[in-house]
Amino acid sequence: SHGWGYEPTNGPDTWAADFPLANGPRQSPINIIPKEAHYDPSLKALKIRYDPSNTKGILNNGHSFQVDFVDDTDSSSQQTSTVPHPVILYYTTLTGGPISGVYRLKQFHFHWGGSDNRGSEHTLNGIKFPCELHLVHWNTKYPSFGEAAEKPDGLAVVGVFLKIGAANPRLQKVLDALDAIKTKGKQTTFANFDPKTLLPGSLDYWTYEGSLTTPPLLESVTWIVLKEPISISPAQMAKFRSLLFTGDGEAPCYMVDNYRPPQPLKGRLVRASFK
Ligand SMILES: CN[C@H]1CN(c2cccc(OC)c2)S(=O)(=O)c2sc(S(N)(=O)=O)cc21
Ligand SMILES: [Zn+2]
């Protein structure tokens with residue numbers, strides 16, 4: 001049986017059949033209309049503390065590629081001694097912004113188009129960017145990612161738009177790893193990468209309550225979409241588009257247009273952290 005994907009036979013318009021949440025009240029992405037966003041002076045600045053030492057690897061999951069981080073409470077990252085010891089942060093965390101508590105980075109990934117006029121999931125005044133970066137975090141008040149993913153305040157995803165411009169040197173290490181993960185299911189090691197280097201100069205953001213933009217489409221995401229895009233060059237975009245949705249031995253299908261279009265706002269408020 002064919003799973004969900006982005007082709008006409010299994011793309012976003014077909015997902016509701018297996019994932020009824022697709023027509024839920026807080027689906028993502030959305031079209032952001034800055035003039036209709038409400039400036040909220042009570043919104044805090046985002047605090048992003050990434051410890052690059054806990055990058056785990058990079059994987060082609062057949063929908064996108066993702067860089068995974070150590071985010072579990074496995075023995076290697078916890079001391080077992082009975083002697084009291086300072087809490088040493090092995091994790092990379094998101095605090096402040098619209099969220100309360102500490103959210104832990106699980107992975108980051110991208111969505112992109114087959115050409116520069118499309119590819120992002122969120123849009124601005126109806127404008128699509130060629131690419132969008134998502135940094136996926138989960139609320140550490142829950143015992144695990146899986147638990148958090150089922151709660152309305154379980155996940156927080158930071159979205160960053162990418163626009164065509166000069167080559168972005170911060171992307172190069174990620175791009176250089178793509179040759180090793182061309183097909184679905186391939187993964188390779190990827191160490192000491194600080195995703196903070198992928199963020200733009202300004203951390204001004206819009207925020208709203210939404211969902212995962214892929215199945216299982218869980219309505220557990222506080223979205224934090226940064227106003228300032230980062231750059232990517234046409235050659236770097238071409239590298240993304242050289243990946244395959246398909247696995248070894250299958251008829252090759254280029255990994256492009258892996259984005260869900262904007263969903264109905266259904267009365268939700270979009271708040272801005274800036275005037
Ligand atoms: C395939 N894509 C998703 C993978 N994940 C997932 C995997 C297993 C279970 C699960 O929920 C129980 C979620 S995920 O949480 O890492 C995310 S985040 C995200 S996006 N585009 O909204 O940022 C899509 C996905
Ligand atoms: Zn995503």
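The legends below describe close-up views of a predicted model.

**View 1. An edge-to-face aromatic pair formed by Phe-110 and Phe-240****.**
Among the 15 aromatic pairs that the structure holds, the rings of Phe-110 and Phe-240 meet edge-to-face, with 5.0 Å from centre to centre and an angle of 70° between the planes. Phe-110 belongs to strand β7 (residues 103–112) and Phe-240 to helix α4 (residues 234–240), so this contact ties together parts that are 130 residues apart in sequence. Phe-110 counts as buried, at 0% relative accessibility, and Phe-240 is buried as well, with a relative accessible area of 0%.

**View 2. The aromatic cluster that includes Phe-110 and Phe-240****.**
One aromatic cluster is formed by Phe-65, Phe-69, Phe-108, Phe-110, Trp-112, Phe-190, Phe-193 and Phe-240. The edge-to-face pair of Phe-110 and Phe-240 thus reappears here with both of its residues as members of the cluster.

**View 3. Lysine charges over phenylalanine rings****.**
The charged end of Lys-106 is placed over the ring of Phe-145, at 4.1 Å from the centre of that ring. In a second arrangement of this kind, the charged end of Lys-227 sits over the ring of Phe-274, and here the distance from the ring centre is 4.8 Å.

**View 4. The surroundings of ligand 1****.**
Ligand 1 is surrounded by 17 residues, of which Gln-107, His-111, Phe-145, Thr-213 and Thr-214 are the closest. Phe-145, listed here beside the ligand, is also the residue whose ring lies under the charged end of Lys-106. An oxygen atom of ligand 1 lies 2.8 Å from a polar side-chain atom of Gln-107, while a nitrogen atom of the ligand is 3.4 Å from an N or O atom in the side chain of His-134. For Thr-213, a polar side-chain atom is found 2.7 Å from a nitrogen atom of ligand 1. On its own, ligand 1 has 560 Å² of accessible area, and the protein covers 79% of this.

**View 5. The salt bridge between Arg-26 and Glu-209****.**
The structure holds eight salt bridges, and one of them joins the side chains of Arg-26 and Glu-209, with an N to O distance of 3.7 Å. Arg-26 is placed in the loop between α1 (15–18) and β1 (31–32), whereas Glu-209 is part of strand β12 (residues 205–210), so the pair ties together parts that are 183 residues apart in sequence. Arg-26 counts as buried at 14% relative accessibility, and Glu-209 counts as partly exposed at 33%.

**View 6. The salt bridge between Asp-40 and Arg-271****.**
The side chains of Asp-40 and Arg-271 meet at 2.9 Å, N to O. This pair links distant parts of the chain, with Asp-40 in the loop between β2 (38–39) and β3 (46–49) and Arg-271 in strand β15 (residues 271–272), 231 residues apart. Asp-40 counts as buried, at 15% relative accessibility, while Arg-271 is partly exposed, with a relative accessible area of 25%.

**View 7. The salt bridge between Lys-239 and Asp-179****.**
Lys-239 and Asp-179 bring their side chains together in a salt bridge of 2.7 Å, N to O. Lys-239 lies in helix α4 and Asp-179 in the loop between α3 (172–177) and β11 (187–189), so that distant parts of the chain, 60 residues apart, are linked. Lys-239 is partly exposed, with a relative accessible area of 25%, and Asp-179 counts as exposed, at 56% relative accessibility.

Terms used:
Residues numbered from 1 in each chain as written. Chains lettered and ligands numbered in written order. Predicted model: local features only at pLDDT ≥ 70, side-chain atom pairs only at ≥ 80, totals over all residues. Heavy atoms only, no water. Phe/Tyr/Trp six-rings, centres within 6.5 Å; stacked < 30°, edge-to-face > 60°. Helix = DSSP H or I, 4+ residues; strand = E, 2+ residues; numbered from the N terminus. Buried < 20%, exposed > 50% of the residue type's maximum accessible area, 1.4 Å probe, protein only. Lys NZ or Arg CZ within 6 Å of the ring centre and 35° of its normal. Near = heavy atom within 4 Å. Polar contact = N/O pair within 3.5 Å; in protein donor to acceptor, adjacent residues only side chain to side chain. Areas by Shrake-Rupley, 256 points an atom, 1.4 Å probe, with all protein chains shown as cover. Salt bridge = Lys/Arg side-chain N within 4 Å of Asp/Glu carboxyl O.
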